[in-house]
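This report covers two residues and one pocket of a single protein chain. The sequence and structure come next, and the description follows them.

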Amino acid sequence: MWVKAYQWDHATNPSEVSRIHHVLTDEHLWPNNGQKMRNRLAEDVLDKEMLHLFKAYEKAEGHNGGSLNGAIQLLEATNILVANFNDCRPITTIEDDCRKRNAKALAWFTSWEDKVMAEEQITAVIKWTKLISQETLLT
């Protein structure tokens, strides 16, 4: 999906200035081994610009755009996290909006995990391949 959205953006907006996600490059989608370690590339494919691109791509796809719903939901959660982690303002109270936005994103990831784990038609091994790896979870 990411590749198709990227290709659509380039085909629809040939000028780099007019592209919806103007910083997205080939190295974001096809990184070499050294580039895979660059957090900035990951942030760029999970931020609000990518969310905006996917929403525009969904609109352009018309009735086929519904297949992007899951990716858009993922981007709605990840763009919150990217924005909050790049925000240099300190969290000073427990009621801070940043904490509330992070909790909203966490709730989405938790519901995603619950939904996948509740699927009875697939094996446990396949269920875990649909989720974020256990190494990245904060338990």
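## Two residues and a pocket

Leaving aside neighbours within four places in sequence, His28 is in contact with Val23, Leu41, Asp44 and Val45. The model is predicted. His28 belongs to helix H2, which covers residues 26–29. Its relative accessibility is 11%, under the 20% limit, so His28 counts as buried.

Two polar atom pairs involve the side chain of His28. One is a polar contact with the side chain of Asp44; in the other, a polar atom of the His28 side chain lies 2.9 Å from the backbone nitrogen of Thr25.

| Partner of the His28 side chain | Part of the partner | Distance |
|---|---|---|
| Asp44 | side chain | 2.8 Å |
| Thr25 | backbone nitrogen | 2.9 Å |

Asn86 lies in helix H5, residues 69–86. Is this residue buried, exposed or partly exposed? Asn86 has a relative accessible area of 43%, which falls between 20% and 50%, so it is partly exposed. Not counting residues up to four places away in sequence, Asn86 touches Arg40 and Glu43. Glu43 is 43 residues from Asn86 along the chain, and their C-alpha atoms are 9.6 Å apart.

The second largest pocket has a volume of about 270 Å³. It is lined by 12 residues, and those closest to its centre are Gly70, Gln73, Trp108, Trp112 and Lys115. Helices H5 and H6 (97–118) are the elements that give two or more residues to this lining. H6 gives the most, with 5 residues. By class, the lining of the second largest pocket holds 6 nonpolar, 3 polar and 3 charged residues.

Note on methods. Residues are numbered from 1 along each chain as its sequence is written. This is a predicted model: local features need pLDDT of at least 70, side-chain atom pairs count only at pLDDT 80 or more; totals for chains, interfaces and linings use all residues. Side-chain values use heavy atoms; hydrogens and water are left out. Helices (H or I, at least four residues) and strands (E, at least two) are DSSP runs, numbered from the N terminus. Buried means under 20% relative accessible area, exposed over 50%, partly exposed in between (1.4 Å probe, protein chains only). A polar contact is a pair of N or O atoms within 3.5 Å; within protein, one must be able to donate a hydrogen and the other to accept it, and residues adjacent in sequence count only if both atoms are side-chain atoms. Contact means heavy atoms within 4.5 Å. On a 1 Å grid over the protein atoms alone, a cavity is a set of points where a 1.4 Å probe fits but cannot get out, and a pocket is an open set with protein on both sides within 12 Å along at least five of seven lines; lining residues have an atom within 4 Å of a point. Grid points are joined across faces, edges and corners, and a volume is the space filled by probe spheres set on the points. Ala, Val, Leu, Ile, Met, Phe, Trp, Tyr, Cys and Pro count as nonpolar, Asp, Glu, Lys and Arg as charged, and the others, Gly among them, as polar.
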